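Trainee: Got a minute? I'd like to go through this one with you.
Mentor: Sure. Let's take a look.
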Amino acid sequence: MSDEREPDEQAYDDPTHDETAPTQPLAGWRDPASRVEEPESAVQPDGLPYGHDEAVLAGPPPSADGPSDRLPTAAPGESAEQRPHEPDTPTVPMRQGPGPWSGHGQAPYGQAPYGQAPYAQAPYAQAPYSQAPYGQNHYGQNPYSQSSHARSPYARNPSTRRLPLWVWPAVACLALVVGILGGLAGGALQDELASQRGTNDNGLGGVRTQAAAPLEADNGSVSAVAQALLPSTVQILAELDGRAAGATGSGFVLDRDGHVVTNNHVVASAAADDGSIVVIDQAGERREATVLGRSAVYDLAVLTVEDAGSLEPAALGASQALRVGESVVAFGAPLGLSQTVTSGIVSALNRPVTTSGESDDESSYINAVQTDAAINPGNSGGPLVNLAGEVVGVNSAIATTGGASGESGNIGVGFAIPIEQVRTTVDQILRTGKAEYPVIGAQVRTGGEPDAEGATITEVMPDTPAERAGLQQDDVITSVDDQPVNDGIALIVAIRTHLPGETVEMSVVRGGEERVVQVELDGKVG
């Protein structure tokens, strides 16, 4: 059974319906059989709402000079069948919709197939009353549409918004400015990093050191110690007063990150003049090195070596565990003779020793490990090692008949910086590239008192820890934290075993009376 019905079959079955009564024509459609002649002004044009004679729902009004893109409309009193064919007038083919009338020709009413609304020549989503937004005075063209034929808002293509032409030059200028500022900031950061290359926020905890001793604690073989430590010992050639390799010394590999520990006096001239420093390993391979940081008062320096991947770090021990008479081994390059090994015993512990510098602040004061292992010029900076293969000190000075000096040959009295002080100073250098030492802000007498029973204060500087603690000129300090003090050097050494910010107790004799004062140590870079 076909769903097609004639137009008259779709009329209402109303018995009161009077076919002769005037009817209101539907917009966009006329029944040819019921067309009557009407005055020209009464004709409602196709696609226009009632009472409107200008707006065109389905498109702009036809041009007077060109062909119309609308279907021709019969004149009043003329039926569609009586209208002659006009070959010059273009016709619009009927669009077939997806409704049930597709493929069956024209849908009922002769206007549009199902799928397109039969009223007003537009689909329901484009009904005349939905084409204009609220606020307009007439039903006309949708001002938001790209064409006169409004599309469904669900099918509308997103509009393309064009940026003003001035935006692109502005963006280019902004990118240029950002690039310049970024380059300047990056250069400054690179300079800062270059000046502090090799430092880290965790100090010794941020580098890859050797934790375990290479040998058993009860090892008694010096040969085994030599085999274990020689790969970690290096010779150092540094520029001295403009002469390449004018200074010679020794050092040991601290970690797998390319840090080498040595004495400050070995590289001081090269560091001050930006001179060359060369590190020579056991195999004779030479590597360039730079000074990461140094401390004149502790006579220590840390070097950064390039391409140090094959260097083997030494294990660090504890000098406080040493006993007098215990065997130790000294490594270095005495008199330029690399990879030299000598052995001896611990002759004394906590020996106050000083080496003179250009000023009091540059003089080195060491609470040293004394040994009779042969130490000569060139051994400076080399490791002093126990029989377990752990570094317990850094060779620094030797004594001569004329006093402590590093320029004379060995007489069986050598001194090494205890590894505890090495740890403290190296940790500071690894963190910041510099080291601090504690001070109290007072001057003491350091010589000419063979029978002194303490350190005599010669001057107290204002606004210093000594002044705040109540110390005065001519006070005699006899001990620091129960450690006896016999002279000024012993007092300086005892103070420098502590850290800035720590508080120490001092026994002070004034006018024959002894008292105890607490002094909070200040810090100074050096």
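Mentor: One term before we start: buried means under 20% relative accessible area, and exposed means over 50%. Also, this is a predicted model.
Trainee: Okay. Which residues of helix 6 are buried?
Mentor: G488, I489, A490, L491, I492, V493, A494 and I495. That is eight of the eight residues, so helix 6 is largely enclosed by the rest of the structure.
Trainee: What sits at the start of helix 6?
Mentor: D487 makes a contact there. One of its side-chain oxygens comes within 3.3 Å of the backbone nitrogen of I489.
Trainee: Switching to helix 4. How many residues does it have?
Mentor: Helix 4 has 14, running from 419 to 432. From first C-alpha to last, it spans 20 Å, close to the 20 Å expected.
Trainee: And which of its residues are buried?
Mentor: I419, Q421, V422, T425, V426, D427, Q428, I429 and L430. Just after helix 4 comes G433, with a positive phi of about 85 degrees.
Trainee: What about the surface? Which residues make the nonpolar patch of about 510 Å²?
Mentor: L176, V177, I180, L181 and L184. V177 belongs to helix 1, residues 167-195.
Trainee: Why does V177 count as partly exposed?
Mentor: Because its relative accessibility is 45%. Partly exposed lies between the 20% and 50% cut-offs.
Trainee: Now the whole chain. How many helices and strands are there?
Mentor: Six helices and 22 strands. The chain has 526 residues, and 39% of them count as buried.
Trainee: How much accessible surface does the chain have?
Mentor: About 29600 Å², with 50% of that belonging to carbon and sulfur atoms.

Methods: Residues numbered from 1 in each chain as written. Predicted model: local features only at pLDDT ≥ 70, side-chain atom pairs only at ≥ 80, totals over all residues. Heavy atoms only, no water. Patch = residues over 30% accessible without salt bridge, like charges linked within 9 Å, V, L, I, M, F, W, Y side chains within 5 Å. Areas by Shrake-Rupley, 256 points an atom, 1.4 Å probe, with all protein chains shown as cover. Salt bridge = Lys/Arg side-chain N within 4 Å of Asp/Glu carboxyl O. Helix = DSSP H or I, 4+ residues; strand = E, 2+ residues; numbered from the N terminus. Buried < 20%, exposed > 50% of the residue type's maximum accessible area, 1.4 Å probe, protein only. Expected span 1.5 Å × (residues − 1). Polar contact = N/O pair within 3.5 Å; in protein donor to acceptor, adjacent residues only side chain to side chain.
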